[in-house]
Each structure stands twice: as C-alpha cells, then as structure tokens.
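Please open the model in your viewer and keep the selection tool at hand. The stops below each begin with something to select, followed by a description of what is there.

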Amino acid sequence: MTKTIQLKPAIKHLLGEVPFAAETYWQIRQNGRPLSKSFSMHRTQERLPAWRAAVEDCRRANPSGKHVLIFATLRYWIEHAALMGMALAGLGHRVTLAFMPYANWHKPLSRFDIRRNNIYAQTVLGKAQPFIQPVSLLDIKHSDITLPQSLFDAIHEVSVRDVQYTLQVEDVDLNGELYHLRQQRNLQAARAALAWMKTSLPDVVLTPNGSILEMGAVYQVARLLGIPVVTYEFGEQRERIWFAQNGEVMLQETDSLWQAHKDTILTEEQWQQVRALFTSRQNADLWQNFSRRWQGQPSQGGERVRSSLGLDSRPIVMLPANVIGDSLTLGRQVYSQSMTEWLLRSVAYFAERPQVQLIVRIHPGERYTKGPSVAEVVSGAFHGTPLPEHIHLVAADDPVNTCDLVEIADLGLVYTTTVGLEMAMSGVPVVVSGHTHYRDKGFTLDPGSWEAYFQMLDDILEEPQKSRPSDEQVKQAWTYAYRFFFDYPRPFPWHLLHFWDELDTWPIGRVLSPEGQEAFGDTFRYLLGEPVRLS
C-alpha cells in the first residue's frame, strides 16, 4: 500500500495554488482514498451499484419529472443527499447534486486539502451518473459575480448564526476568526450557487436546514431568484422528516396546519396517542419511534419536589430556559434582542418581588454543551452576591423532573421551549416571549413588547388563578400537541442519524415500489414543492 506523505503547511499552501497539483497528488499518493475518516464516503461508494440497479429498474416506469437541485455540505449530509437524489431520480426527476467538500464547518482547511476532498467526492459521486449529476460549487467560476446588497446582508446573518450555533453564544465577535471563516465560505457558496442557478434554472432547490452554513447561503440565493426552495431537517422521530416550502424549516411553521385542523375534534385513538406520548415524557421513557428521552429523571410528584427545593405557599413562577445559542432560539426575537436579554430582565423583575417564588429550570441539554450556562447568566445578574431566597436555580443535572415543576407552577414563562406547550396542556398560564411554533395558537399569552410583557406579569401575579387557561384552551393545547407531534413530521424512510440502518428496512427499490410510494410518495412530492394536502 502506498504511504501518504505528510506535507508541511508551507508546501501545501504552495501546491494548493498550482493547477492539478492536489488532484494529481491524490491520484498517485492516496490511491483514491479519502483525506481523512471524517470525509470518508466508503459506504456510499459500496452501496451505489445496488442503488443504481434499483433506480434503473424503476425509472423506466416513471415519466420525465422536474429538474431538481439538491445542495449539501459536510460528509453526512452529502451522503444522505446522494441517497435522496437517487430516489428522486428513480421517480423520474433530473437531479443535480451540488456540494461543498467540507468535513468540518468551523475549522479552516488548506486549499490543497480542500481540492483533495473535492476530487475524492467527485469520484465517489460520479458513480451515481447518469441518474445524479454531481457538481462541486468549488468548480463554478464566480469571480465576476457581485452579490446584491440584500443577499450580502442575508449571508451576513447566516454567518452570525453559524458562530452563535457553533459556540452556543448570542453575542458574536465580527472580528473573530470563526466569523471570518464562516463569512468567507458562505459568500463563496452564494456566489457559485448564484452563477449556477442563473444559467441552469432548476425547477426546485432542495437543501437541509436552510438557516445555517452554506446550506443557508444556498437557500438565500434561491429565494433571491424566486426559485421554489424546500428546506428539511430531522427531529426525534425515526421515519419522519420536517420540511418547509419557501421557508426555513427550523422555524417550525405550523400556522397552515393549525388553521386546517384547530376545529377538528380528535378521535379517541388520537387522544390515546397524545396522552401516551405525554405520559412517556413525564416518566422519562422512550416511546414508539421517538429516539430521545425528554427527562433524565422519572416523575416523583409535585409535593416531593416542592419539599426538596424548600418552596412554601407563595405563588410559583417557573421559567424553563432553552440552551443558549440553540438553533431553536436563534433569530426568534419578538421584542427582546436575545433570549439572554429576556432572561436577565425577567430575573431582575422577580428580584424585586419576594412575594413570588421564581424557579429557573436550566435545560437538561446543557449537560452536553460547551457554551455559557444559564446559571452563569442568572448568577451574573446579581454580581456575585447570593441569589435572593425566593429565586431558585434547578441545574441541568439536578435529579428533578420538569413535569413535577409544571405540576406546582402557578405561571410559566418561556422563550421557545416545548415545555411551554406542556404547561398549557396542564392548565398553567404560559407567557411566550420568543417566536416559537405554538405562539399565537390561542392557548398561550403572547405579549409583543416589553411594556406589554411586564404589564401582563403585573396583572397575572395580582390574581394568578384568574389567568389560568379555560378548559377549552387546555383542550386546544392538547389538540395542537397532537398535530405538532404526529401531523407536522411527515413519513420518510431515512432519518439522517440512522439511514444506514434504515436502508436495510427500506432499500431504494422498496421505497420506489407501490408499497413504498403508498407510505412515502406524498412526502417526496411535497419535498419538490407540490402543495401540501392538509385535510
């Protein structure tokens, strides 16, 4: 086996600018192997012959369809997009798979190494031809492309979110190395995508996420050109996908779905489903096709947690925080500048009201993050002095079930966390301050300004019991929960995190068969922009 020589950075820099040097080195010295394990697409390479055979058999029976551009970056998204593209080709569509050959979004890579990744990816994906046409955006000439100011501004916002998401912060240093790296890559993707789309004119653009990284840049280009664009992501459920047509999927837009179903009475079977799901969340159990536990501690009962926290008979306000910099909080401002500002001003408000007990529940997900903690934010608000006796912090790893806190709460304050929905389902009045999917659905309190927020708190705390949602509103919250958890995610065979395993259950041939199209056909059509049937 040929041993790969480790080149010095200076030599890499020089060779990175020499035409065909990186490609020749890859062919001779790497013998067709990937640059690193993090960018190895060996499983796609191994599976492509079987995918091609299945697509060839099915394509003969399908008429010519749309010209679809799928864009992805990062090895796992590229591999998943290749699988999705092959399925779309089997359904008769003409598929272009555009990509950026990065294994990591926050570490710089020499041009020499980028070009080696590029030729490797092109070689692997080239084996999907003629069903998929791979196109590297690195190879698209765009030196004469000037971005309109509106697009340049949008790319800046994407780059800011990239830094926030990576570091899990809300304040971004625009002079920092990470921002400059993300801005450079996003601008490169935007210029290349703009050049390609203006000449190739796809019927629809399909890209993961659409809010961050180069995927967010490509989404913004499609919107600028007025090309239909669909973004998609995956949640906790296997064999389910989220998507948004001409929108960012992470905003979890449910207005149309709710308008179509808010007056539809759930069947007994549907009630049983949503009750079972809610119970599993309380008991820290996995349920059906959900792959994540929402609690680390089973419910112990409200009175037990009241005793363990030393709470008395004063009204209890519960503030379950999101993780700072979480993707479901970024860009969700309604009247605050950020979740952190909302948190600080809320804590300051309650610091002056000892007649009320405030519980700040830190998100259990903080156990797995490296960004600043909500505990640091709250403690910092008191400049190193102990917290007032009526303000309590429940840490991310404390053995406390959030549902027990909901049981004893008189009022809930949330930014975007799903706990707000659960509180409404439990009959607790909930004030929503961020743009979350269940805001303005009829069962929460939704101020639109700081003045309205603090006035609302004053009014509620004067007589908490009078602010509880009505029985009809609680029923609405349960109905919405069913629609969000069971109707919003659509059936799809291959979850990003599990698709190599799920291919054993749903190989491409089975997905393209009448059985597979009965299960997933609508979703594939919606992913290409066909209007969603909500009835």
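Begin by selecting strand 1 together with strand 4, residues 204–208, which pair in the parallel sense over 3 bridges. Within this pairing, pick out valine 68, which stands opposite valine 204 in strand 4. Keep in mind during the tour that this is a predicted model.

Next, hide strand 4 and stay with strand 1, which covers residues 67–73 and has 7 of its 7 residues buried. Which residues lie on each side of strand 1? On one side you will find His67, Leu69, Phe71 and Thr73, and on the other Val68, Ile70 and Ala72, all of them buried, so that both faces of the strand are covered.

Now add strand 2, residues 94–100, which pairs with strand 1 in the parallel sense over 7 bridges. To look at one position in this pairing, select alanine 72, whose bridge partner in strand 2 is phenylalanine 99. From here, trace the chain as it leaves strand 1, passes through helix 4 at residues 75–90 and arrives at strand 2, a β-α-β crossover that is right-handed.

For the last stop, select two cysteines. Cysteine 58 has a relative accessible area of 17% and is therefore counted as buried, since the cut-off is under 20%. Cysteine 403, with a relative accessible area of 9%, is likewise buried. How many disulfides does a search of the whole structure find? The search finds 0 disulfides.

Key. Residues numbered from 1 in each chain as written. Predicted model: local features only at pLDDT ≥ 70, side-chain atom pairs only at ≥ 80, totals over all residues. Heavy atoms only, no water. Disulfide = S-S within 2.5 Å. Buried < 20%, exposed > 50% of the residue type's maximum accessible area, 1.4 Å probe, protein only. Helix = DSSP H or I, 4+ residues; strand = E, 2+ residues; numbered from the N terminus. Pairing = 2+ DSSP bridges. Right-handed = clockwise from strand over helix to strand, strands pointing away.
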